[in-house]
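Work through the following exercises with the sequence and the structure side by side. Each task is followed by a worked solution.

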Amino acid sequence: MAAPSFPLWTARVLTLFPDMFPGSLGQSLSGKALKNGIWGLETVDIRDFARDKHRSVDDAPFGGGAGLVMRPDVLTDAIEATVRRSLPDGTQVGDMPCLYLSPRGRLLTQARVRELAKAQCVTFVCGRYEGVDERALESSGVEEVSIGDYVLSGGEPAATVIIDSVVRLLLGVVGDPATLDEESFEEGLLEYPQYTRPREWRDREVPEVLLSGHHDRIKAWRRQQAERITEQRRPDLWSDYASGKNKGSAD
Ligand code: ADE
């Protein structure tokens with residue numbers, strides 16, 4: 001495919017560590033797509049918005065406690081300046097998603113990833129240290145997003161994860177969309193097991209049905225396996241799926 005004149009999607013990352021990007025996103029398919037201009041990446045160094053000669057961005061927390069907190073004035077200046085800057089094609093990014101990565105945020109889902117892929121630009125605000133001043137989050141109206149119930153040392157790896165999940169959807173759009181249809185979460189189920197050659201390996205055989213060439217039977221087997229794995233491993237997903245199925249059959 002010929003390179004588009006402007007990226008289909010742009011990630012803007014506000015960070016104290018711009019050298020962490022593109023990182024792993026510069027490799028493999030996402031790296032190739034970045035070079036080909038299918039998606040764009042802009043980093044903004046939050047420290048450039050510091051107000052003193054020491055370029056300080058953080059301070060001790062009021063009320064005491066360990067670590068340092070990012071100052072509201074510096075962070076908000078960085079966010080507002082970034083949101084004001086238009087995209088290379090002149091589009092304003094004002095109404096587009098602006099995410100603050102935090103373990104306190106709403107948990108990311110594949111459905112949210114699909115929505116983010118539809119925006120022309122998504123801004124990622126990466127905090128460091130013990131967090132950021134709450135007033136900066138309130139006044140800039142950022143959406144707090146978590147990638148899981150564990151704590152990372154900063155938002156950068158979380159931003160990388162989210163960008164990766166969006167970029168692979170874009171690649172599905174410009175490449176072969178069928179590859180995205182049957183994967184985990186697309187129907188609220190985890191993915192069925194896959195097999196390739198050799199047919200027998202360490203006394204383990206590939207399930208017979210996959211060698212049958214019988215497409216309906218293969219499809220039914222895969223669905224049954226996806227249901228079994230989801231029920232065993234993710235009761236939360238399973239109960240949503242099972243209630244959706246019941247609703248479908250009652251109609
Ligand atoms: N920053 C630190 N931990 C995080 C998490 N679990 N998700 C998103 N951002 C984070």
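**Exercise 1. The ligand shell**

Which residues surround the ligand?

Solution. The model is predicted. Step 1: take every residue with a heavy atom within 4 Å of the ligand. Step 2: read them off along the chain. The ligand is surrounded by Leu-101, Ser-102 and Pro-103, then by Val-145, Ser-146, Ile-147 and Gly-148, and further on by Tyr-150, Val-151, Leu-152, Gly-154 and Ala-158. Step 3: sort the shell by class. Eight of its residues are nonpolar and four are polar, while no charged residues are found there.

**Exercise 2. Polar atoms at the ligand**

Find the backbone atoms that lie 3.0 Å or 2.9 Å from a nitrogen atom of the ligand.

Solution. Step 1: start at Ser-102, where a backbone N or O atom is 3.0 Å from a ligand nitrogen. Step 2: go on to Ile-147; here too a backbone N or O atom lies 3.0 Å from a nitrogen atom of the ligand. Step 3: at Leu-152, the distance from a backbone N or O atom to a ligand nitrogen is 2.9 Å. Step 4: compare these distances with the cut-off for a polar contact, which is 3.5 Å between N or O atoms. Step 5: turn to the cover. On its own the ligand has 260 Å² of accessible area, and the protein covers 96% of this.

**Exercise 3. The site of the ligand**

Which pocket corresponds to the space taken by the ligand, and which elements give two or more residues to the shell?

Solution. Step 1: rank the pockets; the ligand takes up the space of the second largest pocket. Step 2: assign the shell to elements. Strand S5 (98–107) and strand S7 (143–146) are the elements that contribute two or more residues. Step 3: S5 gives the most, with three residues.

**Exercise 4. The largest pocket and the largest cavity**

Describe the volume and lining of the largest pocket, then do likewise for the largest cavity.

Solution. Step 1: the volume of the largest pocket is about 550 Å³. Step 2: 20 residues line this pocket, and those closest to its centre are Leu-108, Thr-109, Gln-110, Phe-185 and Arg-234. Step 3: helix H3 (110–118), helix H5 (156–174) and helix H8 (235–250) are the elements that give two or more residues to the lining. Step 4: by class, the lining of the largest pocket has nine nonpolar, five polar and six charged residues.

Step 5: count the cavities of 30 Å³ or more; there is one. Step 6: the largest cavity has a volume of about 40 Å³. Step 7: its lining consists of Phe-6, Pro-7, Thr-10, Leu-87, Pro-88, Asp-89 and Gln-120. Four of these residues are nonpolar, two polar and one charged.

**Exercise 5. A loop contact**

Where is Asp-48 placed, and with which side chain does its own side chain make a polar contact?

Solution. Step 1: Asp-48 is in the loop between strand S2 (39–45) and strand S3 (58–59). Step 2: its side chain makes a polar contact of 3.2 Å with the side chain of Arg-55.

**Exercise 6. Backbone exceptions**

Identify the cis peptide bonds that end at Pro-22 and Pro-198, and give the phi of Arg-202.

Solution. Step 1: recall the background. Most peptide bonds are trans, and most residues other than glycine have a negative phi. Step 2: Phe-21 and Pro-22 are joined by a cis bond with omega about 0°. Pro-22 lies in the loop between strand S1 (9–15) and helix H1 (28–35). Step 3: the bond from Arg-197 to Pro-198 is also cis, with omega near 0°. Pro-198 belongs to the loop between helix H6 (178–181) and strand S8 (200–201). Step 4: Arg-202, though not a glycine, has a positive phi of about 45°. Its place is the loop between S8 and strand S9 (204–205).

Definitions and conventions: Residues numbered from 1 in each chain as written. Predicted model: local features only at pLDDT ≥ 70, side-chain atom pairs only at ≥ 80, totals over all residues. Heavy atoms only, no water. Polar contact = N/O pair within 3.5 Å; in protein donor to acceptor, adjacent residues only side chain to side chain. Areas by Shrake-Rupley, 256 points an atom, 1.4 Å probe, with all protein chains shown as cover. 1 Å grid on protein atoms, 1.4 Å probe; cavity = no way out; pocket = protein on both sides within 12 Å on 5 of 7 lines; lining within 4 Å. Sits in = over half its atoms within 2 Å of the grid points. Helix = DSSP H or I, 4+ residues; strand = E, 2+ residues; numbered from the N terminus. Nonpolar A, V, L, I, M, F, W, Y, C, P; charged D, E, K, R; others polar. Points joined across faces, edges and corners; volume = space filled by probe spheres on them.
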